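Biologist: I am new to reading protein models, and I would love to learn how the labels are chosen. Could we go through this one together?

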Amino acid sequence: MEESNIVIETSLEPKTMRIGEEDKSLLASSAKWANFISIVMLICYGLALVCIILWMIAVAVAGFSMYDITGMYGAAGAMYAVVMWPVMIFALVMYIVQMLPAIYLYRFAQKTREAVASNNEAAMTESFRNLRGSIKTTGIILIASIAFGILFSIAMVGWFAIAM
């Protein structure tokens, strides 16, 4: 019978990974694009938030007036305002939550630029932490969106079944 020698390494030293010049160039390019994308996303979400806030103000004012934006008088206008508030608050919350991946992406871009320029390992670790945050938050939002879509579809089927 032949004896086999099994070697188990128990080194406590961390293994290092070296980033070459081409890798640094690719990271710097990715950081530029991430910066551009995150800024555009933040501007779009910011404009959407402003629109939602203006919508909320318009509905609040219209709900208390005799004649509102829907052309309904009195109680019908007030009822429109009451029904729209949950929708507007939900939209407001969703846009605020959707800003999180853009913020993480922006931080990733800034930290990556800093890390590449100064060969700062701590900044690179922080940049990857922000990239993970962006991807993780996007994934959670995606799962929640799919769940809400399924829930809404079931509710609509139920509503149509009752209406028939």
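Biologist: What makes Glu126 and Arg129 a salt bridge?

Modeller: Good place to start! Keep in mind that this is a predicted model. The closest N and O atoms of Glu126 and Arg129 are 2.8 Å apart. A salt bridge needs a side-chain nitrogen of Lys or Arg within 4 Å of a carboxyl oxygen of Asp or Glu, so this pair earns the name. Both residues lie in helix α3, three residues apart, which is about one turn of the helix.

Biologist: Why are Glu126 and Arg129 called partly exposed?

Modeller: The label is for values between 20% and 50% relative accessible area. Glu126 has 29%, so it is partly exposed. Arg129 has 42%, so it gets that label too.

Biologist: How many salt bridges does the structure hold?

Modeller: There are three. Another one joins Lys111 to Glu114, with the closest N and O atoms 3.7 Å apart. That pair sits in helix α2, again three residues apart.

Biologist: And what makes Glu21 and Lys24 a salt bridge?

Modeller: Their side chains meet at 3.7 Å, N to O. The cut-off is 4 Å, so the pair counts. Both residues belong to helix α1, about one turn from each other.

Biologist: Buried or exposed: which word fits Glu21, and which fits Lys24?

Modeller: Glu21 has a relative accessible area of 62%, and exposed means over 50%, so Glu21 is exposed. Lys24 has 16%, and buried means under 20%, so Lys24 is buried.

Biologist: Which residues does Lys24 touch, leaving out those up to four places away in sequence?

Modeller: Lys24 touches Ile19, Val116 and Asn119. Asn119 is found in the loop between α2 and α3, and its phi is near 55°, a positive value in a residue other than glycine.

Biologist: Why is Asn119 called exposed?

Modeller: Its relative accessible area is 54%, which is over the 50% cut-off, so Asn119 counts as exposed.

Biologist: Now Asn35: how do you know whether it is buried or exposed?

Modeller: Asn35, in helix α1, has a relative accessible area of 11%. Buried means under 20%, so Asn35 is buried. Leaving aside neighbours within four places in sequence, Asn35 is in contact with Tyr106, Ala109, Gln110 and Arg113. Here is a nice detail: Asn35 and Arg107 are 72 residues apart in sequence, yet their C-alpha atoms are 8.4 Å apart in space.

Biologist: How do you know how the span of helix α3 compares with the expected one?

Modeller: Helix α3 covers residues 121-163, which is 43 residues. The span from its first C-alpha to its last is 62 Å, and 63 Å is expected at 1.5 Å a residue, so the two are close.

Biologist: What caps the N-terminal end of α3?

Modeller: Asn120 does, with a side-chain oxygen 3.0 Å from the backbone nitrogen of Ala122. A polar contact needs N or O atoms within 3.5 Å, so the distance fits. Further along α3, the buried residues include Met124, Gly133 and Ile141.

Biologist: Last one! Which residues form the nonpolar patch on the surface?

Modeller: Trp85, Ile89, Val93, Val97, Leu100 and Ile103 form the patch, with about 440 Å² of accessible area together. Take Ile89, which lies in helix α2. A patch residue must have over 30% relative accessible area, and Ile89 has 42%, so Ile89 passes that test.

Key:
Residues are numbered from 1 along each chain as its sequence is written. This is a predicted model: local features need pLDDT of at least 70, side-chain atom pairs count only at pLDDT 80 or more; totals for chains, interfaces and linings use all residues. Side-chain values use heavy atoms; hydrogens and water are left out. Patches are made of residues with over 30% relative accessible area and no salt bridge: like charges are joined within 9 Å, nonpolar side chains (Val, Leu, Ile, Met, Phe, Trp, Tyr) within 5 Å. Accessible areas come from the Shrake-Rupley method with a 1.4 Å probe; for residues, only the protein chains shown count as cover. Helices (H or I, at least four residues) and strands (E, at least two) are DSSP runs, numbered from the N terminus. Buried means under 20% relative accessible area, exposed over 50%, partly exposed in between (1.4 Å probe, protein chains only). Contact means heavy atoms within 4.5 Å. A polar contact is a pair of N or O atoms within 3.5 Å; within protein, one must be able to donate a hydrogen and the other to accept it, and residues adjacent in sequence count only if both atoms are side-chain atoms.
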